Amino acid sequence: IFGTKTSSFGDNDFFVLRTDLDGNLIDSASYSFENNLDVDLSGDGNFNIIRGNEIASQIQPIPGGGFIAIGTTSITETLLDISDWQLMTIAFLDDELRLLNDNDSVLSLSAEIDNFQLDLVGNDVIILSDGSLLIAGAREFDRGGGITDFDNFFLKINADGTSGFLNTQGVPGEGQDDILVRAFEKDSE
């Protein structure tokens with residue numbers, strides 16, 4: 001089970017719960033995004049430590065062991081004039097639900113995408129038949145003149161960890177949001 005729970009800081013953290021076939025708790029884990037973007041948002045020469053509210057989306061078992069989980073972190077920091085900045089976040093867990101990401105934090109894919117100040121929402125992750133990952137969600141675009149909207153977002157990561165492709169797709173028009181919620185691999189013919 002993948003969801004959120006309130007942390008001791010008062011924000012929401014990702015929460016993974018595993019049960020046996022009778023619904024008895026086997027183990028659980030929680031984790032959250034912490035600033036690993038290495039950005040100085042306040043302009044004081046120091047990196048800001050940012051915590052946010054996690055919004056769980058999807059968890060999948062990885063062939064060979066472990067899990068991959070994807071979601072979104074919503075950050076509101078009034079001192080930095082940030083309101084509901086959404087970052088796509090992803091976590092890799094081992095079979096005991098221990099977080100495998102560097103620095104014991106959830107990786108923000110927003111740092112890898114151009115113009116990461118705009119929202120990038122993570123809604124789904126699937127493991128394709130070739131062993132690669134397909135990550136899907138929505139990416140915010142600035143259309144100019146103060147108009148922003150979301151387009152569907154796809155990111156493929158090859159089985160060897162290299163980038164497969166990054167693509168967006170949306171219906172033309174100002175202010176119309178296109179948000180991909182679930183992706184499926186088409187059967188080969």
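Strands here are DSSP runs of E with at least two residues, and helices are runs of H or I with at least four residues, each numbered from the N terminus. With that in hand, Leu 97 can be placed in the loop between β6 and β7. Welcome to this structure, which is a predicted model: local features need pLDDT of at least 70, side-chain atom pairs count only at pLDDT 80 or more, and totals for chains, interfaces and linings use all residues. Residues are numbered from 1 along each chain as its sequence is written, and side-chain values use heavy atoms, with hydrogens and water left out.

**Confidence**

- The chain has a mean pLDDT of 81, where pLDDT is the predictor's confidence in each residue, from 0 to 100.
- A value of 70 or more is reached by 81% of the residues.
- Strand β1 (residues 2–6) has the highest confidence, at 93, while strand β7 (residues 107–108) has the lowest, at a mean of 62.
- Where pLDDT is low, the predicted coordinates should not be read in detail.

**Nonpolar cores**

- A nonpolar core is a set of buried Ala, Val, Leu, Ile, Met, Phe, Trp, Tyr and Cys residues joined through side-chain atoms within 4.5 Å; buried means under 20% relative accessible area, exposed over 50%, and partly exposed in between, using a 1.4 Å probe and protein chains only.
- The largest nonpolar core has 11 residues, among them Phe 2, Phe 14, Tyr 31, Phe 67 and Leu 97.
- At least two residues of this core come from each of β2 (12–19), β3 (25–31), β5 (67–77) and β6 (82–93).
- A second, separate core has 10 residues, including Ile 70, Met 88, Leu 133 and Leu 155.
- In soluble globular proteins, nonpolar side chains tend to be buried together.

**Aromatic pairs**

- Rings of Phe, Tyr and Trp (its six-membered ring) pair if their centres lie within 6.5 Å; planes under 30 degrees apart count as stacked, over 60 as edge-to-face and the rest as tilted.
- Searching the whole structure gives two aromatic pairs.
- One of them is the stacked pair of Phe 2 and Phe 14, at 5.4 Å centre to centre with 25° between the planes.
- Phe 2 belongs to strand β1 and Phe 14 to strand β2, so this pair ties together parts that are 12 residues apart in sequence.
- Phe 14 also forms a tilted pair with Tyr 31, at 5.6 Å centre to centre with 45° between the planes.
- That second pair links distant parts of the chain, with Phe 14 in strand β2 and Tyr 31 in strand β3, 17 residues apart.
- Phe 14 counts as buried because its relative accessibility is 2%, and Tyr 31 counts as buried because its value is 7%.
- Phe 2, Phe 14 and Tyr 31 form one aromatic cluster.

**Salt bridges**

- The structure holds five salt bridges, each a side-chain nitrogen of Lys or Arg within 4 Å of a carboxyl oxygen of Asp or Glu.
- Asp 130 forms a salt bridge with Lys 156, and their closest N and O atoms are 3.4 Å apart.
- This pair links distant parts of the chain: Asp 130 is in the loop between β8 and β9, and Lys 156 is in strand β10 (residues 147–157), 26 residues apart.
- Asp 130 is partly exposed, with a relative accessible area of 48%, whereas Lys 156 is buried, at 16%.
- Elsewhere, salt bridges that share partners join Asp 94, Glu 96 and Arg 98 into one network.
- Within that network, the closest N and O atoms are 2.8 Å apart for Asp 94 with Arg 98 and 3.2 Å apart for Glu 96 with Arg 98.
- Asp 94 is buried, with a relative accessible area of 12%, while Glu 96 is partly exposed at 47%.

**Residues to look up**

- Leu 97 has a positive phi of about 70° although it is not a glycine, and it counts as buried at 5% relative accessibility.
- Most residues other than glycine have a negative phi.
- Ser 132 lies in the loop between β8 (120–127) and β9 (133–144) and counts as buried at 1% relative accessibility.
- The side chains of Ser 132 and Asp 130 are joined by a polar contact of 2.5 Å; a polar contact is a pair of N or O atoms within 3.5 Å, where within protein one must be able to donate a hydrogen and the other to accept it, and residues adjacent in sequence count only if both atoms are side-chain atoms.
- Thr 148 lies in strand β10, is partly exposed at 34% relative accessibility, and has a side-chain polar contact of 3.0 Å with Glu 140.
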